Amino acid sequence: MVMKWTVCLVALALLGSFCEAQWIPGVPTPNKQVPHNPQQTKQTFEKPLTWKYPEDPEPLPKDNVDFELRSPVAASSVSVGCREKVIYVEVQKDMFGTGQLINPADLTLGNCAAVREDTDAKILIYEAQLQDCLSALTRTEDYIIYTFTMNYLPRPLGSSPVVRTSQAAVIVECHYPRKHNVSSLALHPAWRPFSAVRMAQEFLYFTLRLMTDDFQHERPSHQYFLGDIINIEATVRQFFHVPLRVYVESCYATPQLPPDVRPISYSFINDGCLIDARLTGSHSRFMPRTVDNKLQFQLEAFKFQAVDNGILYITCHLKASSAAHAIDTEHRACCWNNGWYEAGGVFDVCGSCESGLGAVPPPPPPPSDPKGGAGRPGRKIRDVSESEVFEWEGDVTLGPINIAEKMVV
């Protein structure tokens, strides 16, 4: 019974405390804080904003160029003299008429090398007995015929895997009638040049195009012959950007579209240096820069020694930076012509091109875009502690380019 009274007293005490803690309307509570409600205003502009992100630009229209592909005339570079007991052959070192002199060790009469060379006239001289140098003897009713084969097997130029002359076999014959001696000229080899043509892809922002000889129009044809000069123009389309200067950071050629693994490739521009002329003695070079957003260069046509189709694809890594940024060792267009020259006239930035010849890096990985280039090139920022320089860069592939052979008579 005592326990029940105790419980009731505790309950009444708690209930009284609860009632005292209730809030009574009209009676202010001294410790209660009223939240502050600050006044807010909406910021307005005097003029409405009209800027919006620009749309992708349309590709440049194709020019209607009056262009005609000129097939090369066969070079008359082999002359034959049939004597009483020997055959005498003279061959011009510019055997294909392209300006590229052949290596005397690459040309044999059968299995016989040249007996001497006229260095002033640039002529190789071959002389052999009619029964020597793997000659073949045939007889007809009226003639005795000695047939020789001149074999030309070009080797790669320097340390590169490319050749600029074709493998050739020229047949020369000496016809001797049974009563009189006569001589005949060399026969015309029957070669078929490649004629497939397809226009190159063109990309937004960065473009790589084949140009006519005067660099005024895009070249309608992708057909070339060994020894021809391929004129190429790299362009960055500025649109809404600040003025930009374009550079060709690297270029390499392959006989097919760049796959994941390229067993055959030739890097002819490395770290802004066009090294083809230095490696192979060609006439490849950068043209003097006339405007910042274009860079033009010439590449002497070649083909791969181990590939017979004569097809080339050229992939270049292009980059552009502000035209206000000075030309330096990371932003240059150097080429070799008995010395290193820079397209913008800043020659002192080309010194490291020579030291980089011994270790040419492999070509960069192929672009992820199936067309071979990026519609919107990537952007990177250099060290802000030096200066804030924005750069745009991307890969562009040009091709197929058909390289055909020139005939020799």
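Guide: Two strands count as paired when DSSP finds at least two bridges between them. Welcome, and keep in mind that this model is predicted.

Visitor: Thanks! Which residue in S2 is the bridge partner of Val78?
Guide: Let's start with the strands. S1 spans residues 78–82, and it pairs with strand S2 (residues 86–92) in the antiparallel sense over five bridges. In S2, Val78 has as its bridge partner Val91.

Visitor: What is the order of the strands in the open sheet of four?
Guide: The pairing in this sheet is antiparallel. Its edge strands, each pairing on one side only, are S1 (78–82) and S4 (116–118). From one strand to the next, the twist averages 20°. Read across the sheet, the order is S1-S2-S5-S4.

Visitor: Where does a cis peptide bond turn up, and what is its omega?
Guide: Look along strand S23, residues 390–404, where Pro400 is found. The cis bond joins Gly399 and Pro400, with an omega of about 5°.

Visitor: Is Cys133 buried or exposed?
Guide: Cys133 belongs to the loop between strand S5 (123–129) and strand S6 (136–139). Although not a glycine, Cys133 has a positive phi, near 60°. Buried means under 20% relative accessible area. Cys133 has 6%, so it counts as buried.

Visitor: And Asn338, buried or exposed?
Guide: Asn338 also has a positive phi without being a glycine, about 55°. Its place is the loop between strand S20 (334–336) and strand S21 (340–342). The cut-off for exposed is over 50%. With a relative accessible area of 73%, Asn338 is therefore exposed.

Visitor: Which strand gives the most residues to the largest nonpolar core?
Guide: In soluble globular proteins, nonpolar side chains tend to be buried together. Here the largest core has 51 residues, and Ile230, Val248, Phe268, Phe286 and Phe297 touch the most other members. Six residues of this core come from one strand, the top contributor: S13 (residues 244–254).

Visitor: How many residues are in the second, separate core?
Guide: Among its members are Leu109, Tyr126, Ala128 and Tyr146. The number of residues in this second core is 25.

Visitor: How are the rings of Phe286 and Phe297 arranged?
Guide: Phe286 lies in strand S16 and Phe297 in strand S17, eleven residues apart. Phe286 is buried at 4% relative accessible area, and Phe297 is buried at 1%. Their ring centres are 5.7 Å apart with 65° between the planes. Planes over 60 degrees apart set the class, so the arrangement is edge-to-face.

Visitor: Which rings join Phe302 and Phe304 in a cluster?
Guide: Phe302 and Phe304 are both buried. Their ring centres are 6.0 Å apart and the planes meet at 85°, so this pair is edge-to-face. Ring pairs link Phe302 and Phe304 into a cluster with Tyr266 and Phe268.

Visitor: How far apart are the C-alpha atoms of Ile314 and Cys251?
Guide: Ile314 is in strand S19 (residues 311–322), and at 0% relative accessibility Ile314 is buried. Beyond its sequence neighbours up to four places away, Ile314 touches residues including Phe268, Leu299 and Val396. Along the chain, Ile314 and Cys251 are 63 residues apart, while their C-alpha atoms are separated by 6.8 Å.

Visitor: Last one: which ring does the charged end of Arg278 sit over?
Guide: Arg289 has its charged end over the ring of Tyr247, 5.3 Å from the centre. For Arg278, the distance to the ring centre is 4.2 Å, and the ring belongs to Trp336.

How values were computed
Residues are numbered from 1 along each chain as its sequence is written. This is a predicted model: local features need pLDDT of at least 70, side-chain atom pairs count only at pLDDT 80 or more; totals for chains, interfaces and linings use all residues. Side-chain values use heavy atoms; hydrogens and water are left out. Helices (H or I, at least four residues) and strands (E, at least two) are DSSP runs, numbered from the N terminus. Buried means under 20% relative accessible area, exposed over 50%, partly exposed in between (1.4 Å probe, protein chains only). A nonpolar core is a set of buried Ala, Val, Leu, Ile, Met, Phe, Trp, Tyr and Cys residues joined through side-chain atoms within 4.5 Å. Contact means heavy atoms within 4.5 Å. Axes are lines fitted to C-alpha atoms, for helices over the stretch in contact, and angles run from 0 to 180 degrees between N-to-C directions. Rings of Phe, Tyr and Trp (its six-membered ring) pair if their centres lie within 6.5 Å; planes under 30 degrees apart count as stacked, over 60 as edge-to-face and the rest as tilted. A charge sits over a ring if NZ of Lys or CZ of Arg is within 6 Å of the ring centre and within 35 degrees of the ring normal.
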